[in-house]
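Ready for a walk through a protein chain? Get the structure turning on your screen and keep the sequence beside it.

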Amino acid sequence: MTMNVNQDVDVTVVGAGPVGLVLAAELALSGATVQVIERLAEPDESMKAGAINVPTAEALDRRGLLPAAEQVQREMLERVGSFVPVVDKQRPDGALRPRRPQFTGHFAGMVLDPGLVDDSDPDLAAHTAVSGARMVPQRELEQLLAAHLVRLGVPVHRGVEVTSFEDTGDGVRLDTSAGPVRTGWLAGCDGGHSTVRRLAGIGFPGTDPELTGHLGVVDIADPEKLASGWVWSTEGAYRYGPQPGRVVTVEFDGPPADRSAPVTLEELQTSLRRVSGTDVTLTALRGTATRWSDNARQATTYWSGRVLLAGDSAHVHSPFGGQGLNLGFGDAMNLGWKLGAVVSGWAPEGLLGTYDAERRPLGAWVLDWTRAQIGVMRGDAKSAALREVVADLLSTRSGTTYAVKKISGVTQHIDLPGDHPLVGRFAPDLWLRDGSRLADHGHDGGFLLLDRTPDGAYARLATAWAGRVSSVTDDHAAPAGVLVRPDGVVAWASDTTDTTAATGLEAALHRWAGAPSRSPGFEPVG
């Protein structure tokens, strides 16, 4: 795709992976002019993440993309349904939810038993509406988001490489292989070897890699020689399944010499034979296999001048637990509306400081979560003994439920002002009297205010922020009011309708939605 080198836009996003695509979409919804440039001429077809977590699925839901994601999962189940147990659940309105996989994941290769998950746990029970859209592989997610960008009119320019840039204080002059570009802001979503991060001089400290992993889908002449699931040996570990022909190998022999070189059938077969201790024969490689390591690093800052980082540009780690895609997706959702607000002029640049402050702790946690798994996966005797202890813990109902909650993302929390238990959490499934959910009203990308006061008092207060906050009134119930940011995080909530609660709502609106267009007003109920 040819790039207009004279283009002058509010934001240029570098990188057309899922993080860059969703960031561009959120910026477009905020009213910013945005473009995406991508070094690769064609989408990366290599095998990567195979599923998404709850916050990612809920983000798709809030933008009206849940039906498309559910269709991807249905197609996945048609292909691998015999490998995935499914259950039926009922919604509060009595309608049947689409059949879904009992998606649990694994910790260090120890697959979590769906039968041990406590579905009545409040954190899990509050986030079930998107359960039919969890098995969305990265490639299909990118296709879904690319179509979303087309509808929003956002251009994606492929085969364009960043060569240098200058932060001028009021914008960025960008040199690319297609010519110069002037942009107000530059967002680096260009992966672990980020050119944007390197040119910005942002540090990337962390721990060095100690393993080489492979992932591919293959044809196998003698699959009976391989055990299903994860298997450990002194040489490393491997997994066969759950999809037919899917093979993962892990060897603790140091990082790959050249991670960017294409993975050959011979290389994958050699690795699999070494860790399995068999002479299994691979006859064909289906699609593009990938090579990876456990390099774990985090950028010293996510924001420097007119440059911002998101996704693997800001943090890298091993893929164990499937956290990387979801972590980056959350970065983009958090950054998108904030940068859009700054571009639109209703928020100061200081709002961008909350992006780093809110996302950095979660990024650090994910790095440690993956490092912990490396610690129990090594082939030495001490790691094997530790693995047995962890396996015992994960064989309990409480242990499995704990791990599933962590992996699914339902316990993620941001430290925000307010003492209501919902504040700082991702909004739960909030069903309305008409059978819809609050998320169904968030397709335009703005703030959502659920008002359950008898006379709509909270909604009247929020009219001073018209154009940024959409109010949805419902029957009186608890909670009486909930303010949800565009990224799905609850900024304020109350079970009461008194003046104190209204003061808290007004403060949250000022803090997150900027100055009102007119004076707000509130009259307490009763």
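What follows is a tour of some helices, loops, salt bridges and a surface patch. Keep in mind that what you see is a predicted model.

Let's begin with helix α8, which runs over residues 324-344. A handy check is to ask how far a helix should reach. At 1.5 Å a residue, the 21 residues of α8 should span 30 Å, and the end C-alpha atoms are indeed 30 Å apart, so expectation and model agree. How many of the residues of α8 are buried? The count is 19 of 21, so to speak a helix that is mostly covered. Just after α8 comes G345, with a positive phi of about 95°.

Next up is helix α9, residues 352-377. Try the ruler trick again: its 26 residues should span 38 Å at 1.5 Å a residue, and the C-alpha atoms at its ends are 38 Å apart, which agrees. Even so, α9 has a bend in it, about 30° at R360. Look just along the chain from there and you'll find a proline, P361, which follows within four residues of the bend.

Now look for something that joins these two helices. The side chains of K338 and E358 meet in a salt bridge, with N and O 2.9 Å apart. K338 sits in helix α8 and E358 in helix α9, so this pair, 20 residues apart, links distant parts of the chain. Are these two charged residues buried or exposed? K338 counts as buried because its relative accessibility is 0%, and E358 is buried too, with a relative accessible area of 10%. The cut-off behind that word is simple: buried means under 20% relative accessible area.

That pair is one of the 28 salt bridges counted in this model. For a contrasting setting, find R173 and E166, whose closest N and O atoms are 2.7 Å apart in another salt bridge. Here R173 is partly exposed at 42% relative accessible area, and E166 is partly exposed as well, at 40%.

A third pair has one foot in each camp. D474 forms a salt bridge with R433, with the closest N and O atoms 3.6 Å apart. D474 belongs to the loop between β22 and β23, while R433 belongs to the loop between α11 (397-408) and β21 (447-451), so the salt bridge ties together parts that are 41 residues apart in sequence. D474 is buried, with a relative accessible area of 9%, whereas R433 is exposed, at 52%. Salt bridges can also join up into a network, and you can see one made by D121, D123, K405 and R425.

While you're around the loop between α11 and β21, find S436, which is also placed there. S436 counts as buried, given its 14% relative accessibility, and its side chain makes a polar contact of 2.6 Å with the side chain of D434. Moving on to strand β21 itself, you reach L448, which counts as buried at 4% relative accessibility. Want a feel for distance across the model? The C-alpha atoms of L448 and S293 are separated by 41 Å, and the two residues are 155 apart along the chain.

Let's turn to some unusual spots in the backbone. Where does the chain have a cis peptide bond? One joins G241 and P242, with omega about 0°, and P242 lies in the loop between β14 (236-240) and β15 (246-251). Another cis bond runs from A478 to P479, with omega near -5°. P479 is in the loop between β22 (469-473) and β23 (481-484), the loop where you already met D474. Then there's A108: its phi is positive, about 55°, although it is not a glycine. A108 is found in the loop between β5 (106-107) and β6 (110-111), and with 0% relative accessibility it counts as buried.

Finish the tour on the outside. L386, V389 and L393 make a nonpolar surface patch of about 270 Å². L386 lies in helix α10, which covers residues 381-394. With a relative accessible area of 39%, L386 is partly exposed.

How values were computed. Residues are numbered from 1 along each chain as its sequence is written. This is a predicted model: local features need pLDDT of at least 70, side-chain atom pairs count only at pLDDT 80 or more; totals for chains, interfaces and linings use all residues. Side-chain values use heavy atoms; hydrogens and water are left out. Patches are made of residues with over 30% relative accessible area and no salt bridge: like charges are joined within 9 Å, nonpolar side chains (Val, Leu, Ile, Met, Phe, Trp, Tyr) within 5 Å. Accessible areas come from the Shrake-Rupley method with a 1.4 Å probe; for residues, only the protein chains shown count as cover. A salt bridge is a side-chain nitrogen of Lys or Arg within 4 Å of a carboxyl oxygen of Asp or Glu. Helices (H or I, at least four residues) and strands (E, at least two) are DSSP runs, numbered from the N terminus. Buried means under 20% relative accessible area, exposed over 50%, partly exposed in between (1.4 Å probe, protein chains only). The expected span of a helix is 1.5 Å times one less than its number of residues. The bend at a residue is the angle between axes fitted to the seven residues ending there and the seven starting there. A polar contact is a pair of N or O atoms within 3.5 Å; within protein, one must be able to donate a hydrogen and the other to accept it, and residues adjacent in sequence count only if both atoms are side-chain atoms.
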